[in-house]
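Please work through the following exercises with the sequence and the structure open beside you. Each task is followed by a solution that proceeds in steps.

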Amino acid sequence: MKRLGLSGLFFVWLYGVPFLLLVGLIRRTSTPYAPTREAAEAFGATTDTLLIVGLLLNALPLIGLHFAGLAGDEGWQRHFRWAIGGMVLLYLLVVLVSRMATGLLIGHTPADDEPAPAVTQCIPRSGGRGCPGG
Amino acid sequence: MDHNGVRGRYGRSMAVASGWYVTVGAAVAVGLASVPSPPSTDCSAWFSCLSPGESLVLIMLVWGGPVLVGLLVVTALVTALLVRPLPSAVLAGTLSALVTVTICAAVYAGRS
């Protein structure tokens with residue numbers, strides 16, 4: 001049971017974190033078709049969630065090392081010690097990518113195709129231009 | 001049972017390397033499929049209006065499958081070299097996947 005938990009933690013980190021970060025980065029660098037402003041914001045929000053969850057889960061080796069220490073499992077302790085190196089490497093890679101990005105890596109909203117609202121009414125304003133016919 | 005010997009580690013390293021290919025392939029497929037594209041209006045050309053599932057099957061048949069087989073053949077050779085000096089199967093598998101992709105990218109870039 002203990003071994004199963006530790007190996008689950010390890011493999012979720014090993015494959016799950018790169019998966020989430022890769023999906024998030026592909027979405028972040030893409031130009032999605034967004035007919036409305038809301039659609040673009042929802043797309044951006046999902047991308048942010050993926051990236052944030054990936055970055056949080058990347059800290060799993062610290063938790064794994066703690067539990068492996070409690071369980072006294074020397075083999076998994078060694079695995080998680082290596083994994084902390086991988087964790088640092090992955091964080092550095094994300095920092096590198098975010099330095100290359102134009103704009104924010106997290107919190108970016110893609111452009112949308114919503115047309116600018118057309119002006120249909122003329123409201124007279126003091127000091128402004130006069131309305132046609134009035 | 002040769003579980004912790006070189007032979008056992010070789011099998012597990014290959015499994016770890018295959019896991020990387022599956023993970024990266026799945027991430028690219030999911031990432032690209034989750035990006036909405038404008039609705040296409042002209043469907044007269046061949047393969048111009050495929051559903052995501054159809055295009056995934058087509059790409060796997062024409063491109064993904066052969067590339068994966070090639071990568072696994074190179075990985076089998078690289079892993080055989082790396083599994084002896086490295087004590088951990090996860091490390092050996094991950095490194096051999098990285099080395100394989102680097103070799104294949106270099107060969108591809110050199111040819112074209």
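**Exercise 1: a helix pair in chain A**

Helix 1 of chain A and helix 4 of chain A run roughly parallel to each other, in what is a predicted model.

Task: Establish how the axes of helix 1 of chain A and helix 4 of chain A lie, and which residues make the contact.

Solution. Begin with the axes: helix 1 (residues 2–29) of chain A and helix 4 (residues 74–100) of chain A have axes that come within 12 Å and cross at roughly 10°. Angles under 35 degrees count as roughly parallel, and the pair is therefore described as roughly parallel. Next, turn to the residues: helix 1 of chain A contributes R3(A), L6(A), S7(A), L9(A), F10(A), F11(A), W13(A), V17(A), L21(A) and L25(A), while helix 4 of chain A contributes W76(A), H79(A), F80(A), A83(A), G86(A), M87(A), L90(A), V94(A) and V97(A). Finally, sort these residues by character, which gives 15 nonpolar, three polar and one charged.

**Exercise 2: the form of each chain**

Task: Describe the helices and the spread of chain A, then do likewise for chain B.

Solution. Chain A has four helices and zero strands, and its pattern along the sequence is α-α-α-α. Its radius of gyration is 24 Å, well over the 14 Å that the globule rule gives for 134 residues, so chain A is more spread out than a compact globule. The C-alpha trace of chain A spans about 85 × 30 × 25 Å along its principal axes, and buried residues make up 30% of its 134 residues.

Chain B, in turn, contains three helices and zero strands, in the order α-α-α. Its radius of gyration is 18 Å, whereas a compact globule of 112 residues would have one near 13 Å. Along the principal axes, the C-alpha trace of chain B spans about 60 × 35 × 20 Å, and 25% of the 112 residues are buried.

**Exercise 3: the setting of W20(B)**

Task: Decide whether W20(B) is buried or exposed, and find which residues it touches.

Solution. First locate the residue, which is found in helix 1 (residues 6–33) of chain B. The cut-off for buried is under 20% relative accessible area, and W20(B), at 15% relative accessibility, therefore counts as buried. Then list its contacts, leaving aside residues up to four places away in sequence: W20(B) touches L14(A), Y15(A) and P18(A) as well as T94(B) and A97(B). As a last step, take the distance to G65(B), which lies 45 residues from W20(B) along the chain; the C-alpha atoms of the two are separated by 15 Å.

Technical notes: Residues are numbered from 1 along each chain as its sequence is written. Chains are lettered from A and ligands numbered from 1 in the order in which they are written. This is a predicted model: local features need pLDDT of at least 70, side-chain atom pairs count only at pLDDT 80 or more; totals for chains, interfaces and linings use all residues. Side-chain values use heavy atoms; hydrogens and water are left out. Helices (H or I, at least four residues) and strands (E, at least two) are DSSP runs, numbered from the N terminus. The radius of gyration is taken over C-alpha atoms; the globule rule is 2.2 Å times the number of residues to the power 0.38. Buried means under 20% relative accessible area, exposed over 50%, partly exposed in between (1.4 Å probe, protein chains only). Axes are lines fitted to C-alpha atoms, for helices over the stretch in contact, and angles run from 0 to 180 degrees between N-to-C directions. Angles under 35 degrees count as roughly parallel, over 145 as roughly antiparallel, 65 to 115 as roughly perpendicular and the rest as oblique. Contact means heavy atoms within 4.5 Å. Ala, Val, Leu, Ile, Met, Phe, Trp, Tyr, Cys and Pro count as nonpolar, Asp, Glu, Lys and Arg as charged, and the others, Gly among them, as polar.
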